[in-house]
Amino acid sequence: LRWCHFVRKLVLPDSLVAHIQDMNGEEGQESAITSYHFKWRNDDDDDNSRCMGATVGVQGIRCVKNEELFLGGSIASRSTRHIELELPEGTFYETGDHLSVKPMNSLEMCQRFIKCFSHELEKAAVKSGYYRSKSNGNMSTPPRSSSTACSPSLLWQMQQIFYINYETNRQQFLHKDPSLTNKTLVEVTQAHVDLSFDQESYVVDLLSMLSTKIKNASIQTKAAVYFTTAVQRTVKEYNEFENCDSLKNLMQQWPTIVHLFEACKELFCFPLEGRPEPLVTLADVLVMMPRLKPRHYSISSSDNVSPSAVSITVGVLNAYTRCGIPTPGVCSHYLAQLGVGLMVDAVVTRSSFRTPRNQRASVVMIGAGTGLAPLVGFLDDRALAMERSKAKFGECHLYFGCRNDREVIFSSKLAELEATGVMHLHLAQSRQKGKPKRYVQDKLFDNGEEITRILLSDDMVHFLICGDAKMANACYDKCVEILQKYGGMSRMSALHLMMRMRFENRWQLDVWGAAHYTTT
């Protein structure tokens, strides 16, 4: 706060500060937002012109195929999906590009979250005329879901258009956030706000806001004291230490905002004894929530083979916290359950991940799990080029890592590509019964003499690596070891060769996470 005052004094002249204070109506007192509230659109709202234009549904590209790649795979346990999407006319891509997908939260999670604020929303339904329209026979029946205990009136209110007002110095103003204006609660919670607790700074801000609401209302119940004490300890530790264990423990206990309010709804979402209204409104929470961010998937199709459709390879995430609470991946589960014919909000984004232009250059491709995706597209390009041209092509090796035989994705395609001489397959499996545990970096070392020959004999060789950054880092370090053992090089000479490959863009990465390079 002191820093904010210091910056304000540097930026704002005293005359402007005085003018702003005069406009606020209270000399020497700064304005502060005290609360946020919904303004629901209804027929007798004179200001409802602001609320026109709410959008429903998803616009984007159409799903034409969604199939399982694992043998016996299940979305609920282990699954990788092959999803094909039809591109709109005039949309183009290149092999190796990415598809940026806007995810949607599951309707079940949205309804669980909204149900925590049922007291506020049931009152809004009465005020909005739900029961009046029902008695007149004019109410359209809201959708029902067996996975939620939401009342019909609550489901109806979730579909009403709203905007948000905020109050400051006893005056109300429109909160001008496009993602929270002219929308319904179903649309906002499914398509706009992030329900997960992935950002530590946001979780700290949210907990601090809730703790401040308790303090300002002078609530001294056992639950309130426990909550504020825990938050104070967490915020103090977060501000003082790089790793905040107490915050991590809270996020394990409450991995999403849904879990937080389901555990604390009696304290925040319902009136406490002697108070007419809850401590927190749903609008107070929505304005703080981060927005859903697009997820990026490597395109696994070839623009030469399939110019009008792209395919992506999606590993379905089924994670659990240390407390045993399931935290399914938002985007992967959304895509895994995407029906053929449905639309998904997605756009093609450009990538620099490319095969060498010179077809005589050797290529070593390394992918683990869904990291195989762009490599399959490159191999389709190579197969088509070899079919059309009689020219000589450099050798191509594919190192692919997976758990076992059941999880060899694109197995038929890989077998065909190897049989036709497009590439040589080197399979590394970490969970296959009866075989030693091997990762792709181990397989590289097993074939150290061959890797050394390629690295030292072809100054055009390209390494293309896709997957987890830790795997990419391990492959880089392993190549340095290989050059030392099989190439008779000093460590500094081996590092110099690898650094030259990077600078010449012949060591290319398409990874998630941060890649690092050993320099000494």
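User: Helix axes are lines fitted to C-alpha atoms over the stretch in contact, and their angles run from 0 to 180 degrees between N-to-C directions. In this predicted model, are α8 and α11 roughly parallel or roughly perpendicular?

Analyst: Let's start from the axes: those of α8 and helix α11 (residues 257-268) come within 13 Å and cross at roughly 5°. Angles under 35 degrees count as roughly parallel, so α8 falls in that class relative to α11. The two helices touch through Y202, L206, L207, L210 and I214 of α8 and I257, L260, F261, L267 and F268 of α11. The term for the pair is therefore roughly parallel.

User: And how are α8 and α10 arranged, roughly parallel or roughly perpendicular?

Analyst: Here the axes come within 11 Å and cross at roughly 85°. The contact brings together E200, V203, V204 and L207 of α8 with L247, K248, L250 and M251 of α10. Since 65 to 115 degrees is the range for the perpendicular class, α8 and α10 are roughly perpendicular.

User: Which residue forms a salt bridge with E200?

Analyst: The closest N and O atoms of this pair are 3.0 Å apart. The pair links distant parts of the chain, 48 residues apart, with E200 in helix α8 (residues 200-216) and its partner in helix α10 (residues 245-253). E200 is partly exposed at 24% relative accessibility, and the partner is also partly exposed, at 32%. That partner is K248.

User: Nice. About how many helical turns separate K236 and E240?

Analyst: K236 and E240 form a salt bridge, with the closest N and O atoms 3.1 Å apart. E240 counts as partly exposed, given its relative accessibility of 48%. The two residues sit four residues apart in helix α9 (residues 222-240), so the separation is about one helical turn.

User: How many residues apart in sequence are the parts tied together by R453 and E395?

Analyst: R453 and E395 form a salt bridge whose closest N and O atoms are 2.9 Å apart. R453 belongs to helix α17 (residues 448-457), while E395 is in the loop between α14 (373-388) and β14 (396-402). R453 is partly exposed at 40%, and E395 is partly exposed at 26%. The parts that this pair ties together are therefore separated in sequence by 58 residues.

User: How many salt bridges are there, and which residues are linked in a network of them?

Analyst: A pair counts when a side-chain nitrogen of Lys or Arg is within 4 Å of a carboxyl oxygen of Asp or Glu. By that rule the count comes to 17. The residues linked in a network are E94, D97, R350 and R354.

User: Which strands stand at the edges of the five-stranded sheet?

Analyst: This open sheet has the order β15-β14-β13-β16-β17, with parallel pairing. Each edge strand has a single partner, so one side of it lacks a neighbour in the sheet. The edge strands are β15 (424-429) and β17 (507-512).

User: Which residue in β15 stands opposite Y399?

Analyst: β14 and β15 run parallel and are joined by six bridges. In β15, the residue opposite Y399 is H426.

User: At about what angle does helix α18 run to β16?

Analyst: Helix α18 (residues 469-487) lies across three strands: β13 (363-368), β16 (462-468) and β17. Relative to β16, the helix runs at about 145°.

User: Turning to the four-stranded sheet, which strands are at its edges?

Analyst: The order of this open sheet is β8-β3-β2-β11, and the pairing is antiparallel. At the β11 end, strand β2 (residues 61-68) pairs with β11 over two bridges, and I61 stands opposite V344. Each edge strand has a single partner, so the edges are β8 and β11 (343-344).

User: How many residues of β8 are buried?

Analyst: Strand β3 (residues 80-86) runs antiparallel to β8, joined by seven bridges, and L85 stands opposite V310. β8 (residues 309-315) is mostly covered, and of its seven residues the number buried is six.

User: Last one: are C110 and C244 buried or exposed, and how many disulfides does the structure hold?

Analyst: Buried means under 20% relative accessible area. C110, at 1%, is therefore buried, and C244, also at 1%, is buried too. As for disulfides, the number in the structure is zero.

Definitions and conventions:
Residues are numbered from 1 along each chain as its sequence is written. This is a predicted model: local features need pLDDT of at least 70, side-chain atom pairs count only at pLDDT 80 or more; totals for chains, interfaces and linings use all residues. Side-chain values use heavy atoms; hydrogens and water are left out. Buried means under 20% relative accessible area, exposed over 50%, partly exposed in between (1.4 Å probe, protein chains only). Two strands pair if DSSP finds at least two bridges between them. Contact means heavy atoms within 4.5 Å. A disulfide is a pair of cysteine sulfur atoms within 2.5 Å. Angles under 35 degrees count as roughly parallel, over 145 as roughly antiparallel, 65 to 115 as roughly perpendicular and the rest as oblique.
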